[in-house]
Amino acid sequence: MPGPLIDATTPIMCPHMGKATTVAKNLRVRIGGQPVLLQTDVTTVAGCPFATGNVPSPCVIVKWVTASTRVRVMGQPVLLMDSQGVGQAATQAPQGPATVGPAQPRVKGI
C-alpha cells in the first residue's frame with residue numbers, strides 16, 4: 001500500500017521514546033529541501049531510558065526491516081512512513097518497534 005516517503009526531518013522514536021536521528025547518505029533526492037531517507041541509512045538513538053532490572057539496556061540504533069518495494073534512490077529502497085524499524089541495544093538485542101511520523105504528505109511510494 002502506498003505511503004508517504006520520510007525525510008531527514010521526520011520524527012523517529014525508539015519504543016521507549018528515545019529520539020532517533022538519521023544520517024542521510026542520499027544527497028541528491030530531496031523533499032522540501034530535505035534528503036529522502038534510505039533503508040541503509042544509519043539511525044542512532046539518544047535518550048532511551050530502557051533498563052532490564054537495574055541494568056541499563058538503552059536502544060542505540062534503529063535497524064530498518066521493511067522499506068519501499070518499488071521506489072529506490074541510488075539503488076537502495078527508500079523509507080516510508082509505514083516502514084518498520086526495530087530498536088536495538090548495544091548488544092544487538094531487539095527492543096521493540098520504532099515509531100515513525102508524521103511524515104510529509106505530498107510524495108508517496110510503494
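## Surface and overall dimensions

The accessible surface of the protein amounts to about 6300 Å², and carbon and sulfur atoms account for 59% of that area. The model described here is predicted. Buried residues make up 41% of the 110 residues in the protein. Along the principal axes, the C-alpha trace spans about 45 × 25 × 20 Å.

In secondary structure, the protein has 0 helices and 15 strands. Its radius of gyration is 14 Å, close to the 13 Å that the globule rule gives for 110 residues, so the protein is as compact as a globular protein of that length. Many of the contacts link distant parts of the chain: among contacts between residues at least 6 apart in sequence, 60% join residues at least 24 apart.

## The seven-stranded sheet

An open sheet is formed by 7 strands, which follow the order β13-β12-β9-β6-β3-β2-β14 with antiparallel pairing. Its edge strands are β13 and β14 (residues 99-100), each of which pairs on one side only. As a general matter, strands of a sheet pair through backbone hydrogen bonds, in either a parallel or an antiparallel arrangement.

Strand β12 (residues 85-89) has β13 on one side and β9 on the other in the sheet order. Of the 5 residues in β12, 4 are buried, and the strand is thus mostly covered. With strand β9 (residues 59-64), β12 pairs in the antiparallel sense over 5 bridges; within this pairing, Gln88 of β12 is the bridge partner of Ile61. With strand β13 (residues 94-97), β12 also pairs in the antiparallel sense, over 3 bridges. Here Gly87 has Gly96 of β13 as its bridge partner.

## The β12-β13 turn and Met74

Strands β12 and β13 form a hairpin with 4 residues between them. Gln92 is located in the loop that joins these two strands. The phi of Gln92 is near 70°, a positive value in a residue other than glycine. With a relative accessibility of 61%, Gln92 counts as exposed, because the threshold for that class is over 50%.

Positive phi also occurs at Met74, where the angle is about 55° although the residue is not a glycine. Met74 lies in the loop between β10 (residues 72-73) and β11 (residues 76-77). Its relative accessible area is 52%, and Met74 is therefore exposed. For context, most residues other than glycine have a negative phi.

## Nonpolar cores

The largest nonpolar core contains 16 residues; those with the most contacts inside it are Ile6, Ile12, Leu37, Val45, Val62, Trp64 and Leu79. Strand β9 provides the largest share of this core, 3 residues. A second, separate core has 7 residues, among them Leu5, Leu38, Val78 and Leu80. In soluble globular proteins, nonpolar side chains tend to be buried together.

Leu79, one of the residues with the most contacts inside the largest core, also has an extensive list of partners elsewhere in the sequence. Leaving aside neighbours within four places, Leu79 is in contact with Pro4, Leu5, Ile6, Leu37, Leu38, Gln39, Trp64, Thr66 and Ala67. This list includes Leu5 and Leu38, which belong to the second core.

## The loop between β14 and β15

Two residues of note, Pro102 and Ala103, are found in the loop between β14 and β15. Gly101 and Pro102 are joined by a cis peptide bond, with omega about 0°. In general, most peptide bonds are trans.

Is Ala103 buried or exposed? Ala103 has a relative accessibility of 17%; since buried means under 20%, this residue counts as buried. Not counting residues up to four places away in sequence, Ala103 touches Pro4, Leu5, Ile6, Thr10 and Met81. Pro4, Leu5 and Ile6 also appear among the contacts of Leu79. Ala103 and Pro49 are 54 residues apart in sequence, and their C-alpha atoms are 25 Å apart in space.

Note on methods. Residues numbered from 1 in each chain as written. Predicted model: local features only at pLDDT ≥ 70, side-chain atom pairs only at ≥ 80, totals over all residues. Heavy atoms only, no water. Buried < 20%, exposed > 50% of the residue type's maximum accessible area, 1.4 Å probe, protein only. Pairing = 2+ DSSP bridges. Core = buried A, V, L, I, M, F, W, Y, C linked by side-chain atoms within 4.5 Å. Contact = heavy atoms within 4.5 Å. Rg over C-alpha atoms; globule rule 2.2 N^0.38 Å. Areas by Shrake-Rupley, 256 points an atom, 1.4 Å probe, with all protein chains shown as cover.
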